[in-house]
Amino acid sequence: MSVDPNAVTQDFPSPPAHGRPHPARYLIPVFAAGLVAVGLGVYGKTHDPAGTSFNLAGFSSTGAVKSWLGTGAFAFAVVQLLTALAMYGRLPGVGAKPWMAKTHRWSGRIAFLLAVPVAVHCLYALGYQTFDTRVMWHSLLGCFFFGAFTAKMLLLRHERLPGWLLPLVGGVVFAGLAVVWVTSALWFFRTFGVTT
């Protein structure tokens with residue numbers, strides 16, 4: 001069977017151009033976010049912690065590696081927040097520049113890539129723990145962050161989003177990462193000093 005590449009393709013009816021999309025279409029990102037967050041939490045709670053999963057040369061401990069990677073992720077998340085504020089016209093005295101959209105996307109990608117090995121170590125080596133308030137919030141919001149990040153990535157694929165939705169979800173993702181950083185890297189640096 002051969003296919004003629006010049007043949008006319010079938011037109012599929014497009015959705016009506018009037019009105020807003022049905023709110024149920026946002027349930028998939030919410031459901032996926034919950035699945036990711038709960039899945040990570042269940043894995044972390046039921047998995048027998050291994051104690052360690054990686055270490056990098058040049059660092060004195062796994063805690064230092066995680067703290068510096070987490071700090072890098074948080075720094076790139078701050079860049080993403082600032083570029084988003086500028087692009088939405090919410091940063092006084094700074095207008096949107098042509099390079100900001102690309103910087104926004106790449107800073108988010110780098111932040112995520114730096115956060116993944118930290119999360120892998122936390123879940124594999126330490127598990128989901130609740131033995132004190134700081135650790136409980138860190139475990140809870142670490143899982144929440146990856147769930148909220150999943151929702152944000154899925155929402156980016158939707159057209160005609162309400163203008164407030166993406167900034168709201170982005171702010172929630174940033175706030176989650178900020179609390180995760182405060183309850184881990186900042187705590188580590190304040191407790192053990194800024195070490196490598």
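**View 1. Contacts that link distant parts of the chain.** Among the contacts in the chain with a separation of 6 or more, 75% join residues that sit 24 or more positions apart. Keep in mind as you look around that this is a predicted model. The chain holds 5 helices and 0 strands, and reading along the sequence gives the pattern α-α-α-α-α. Of its 196 residues, 34% count as buried. The surface that the chain exposes comes to about 12400 Å², with carbon and sulfur atoms supplying 70% of it.

**View 2. The largest nonpolar core.** Here you can look inside a group of 14 residues. Those touching the most other members are Ala-115, Phe-145, Phe-146, Leu-155, Leu-165, Val-169 and Val-173. Which elements give two or more residues to this core? They are helix 2 (62-87), helix 3 (100-126), helix 4 (133-155) and helix 5 (165-192). Helix 4 gives the most, with 5 residues.

**View 3. Ala-115 and its partners.** Let us zoom in on one member of that core, Ala-115. Setting aside neighbours within four places in sequence, Ala-115 is in contact with Ala-73, Phe-145 and Phe-146. Two of these names may look familiar: Phe-145 and Phe-146 also belong to the core residues that touch the most other members. Apart from this core lies another one, made of 7 residues, including Ala-178, Trp-181, Ala-185 and Phe-188.

**View 4. Gln-80, a residue of helix 2.** Find Gln-80 in helix 2. Is this residue buried or exposed? Gln-80 counts as buried because its relative accessibility is 17%, and the cut-off for buried is under 20%. Who are its partners, once neighbours within four places in sequence are left aside? Gln-80 is in contact with His-104, Ser-107, Gly-108 and Lys-152.

**View 5. Stretches listed in a database record.** An unreviewed UniProt entry lists residues 26-44, 68-89, 110-129, 135-155 and 164-189 under "transmembrane region". Two of these stretches are worth a look in the model. Over residues 26-44, the chain is 95% helix and 0% strand, and the C-alpha atoms at the ends are 27 Å apart. Over residues 110-129, the chain is 85% helix and 0% strand, with end C-alpha atoms 27 Å apart. Ala-115, which you met in View 3, has a number that falls within the listed stretch 110-129.

Definitions and conventions
Residues are numbered from 1 along each chain as its sequence is written. This is a predicted model: local features need pLDDT of at least 70, side-chain atom pairs count only at pLDDT 80 or more; totals for chains, interfaces and linings use all residues. Side-chain values use heavy atoms; hydrogens and water are left out. A nonpolar core is a set of buried Ala, Val, Leu, Ile, Met, Phe, Trp, Tyr and Cys residues joined through side-chain atoms within 4.5 Å. Buried means under 20% relative accessible area, exposed over 50%, partly exposed in between (1.4 Å probe, protein chains only). Helices (H or I, at least four residues) and strands (E, at least two) are DSSP runs, numbered from the N terminus. Contact means heavy atoms within 4.5 Å. Accessible areas come from the Shrake-Rupley method with a 1.4 Å probe; for residues, only the protein chains shown count as cover. UniProt positions are given in the numbering used here, feature names are shortened, and annotations may be inferred rather than shown by experiment.
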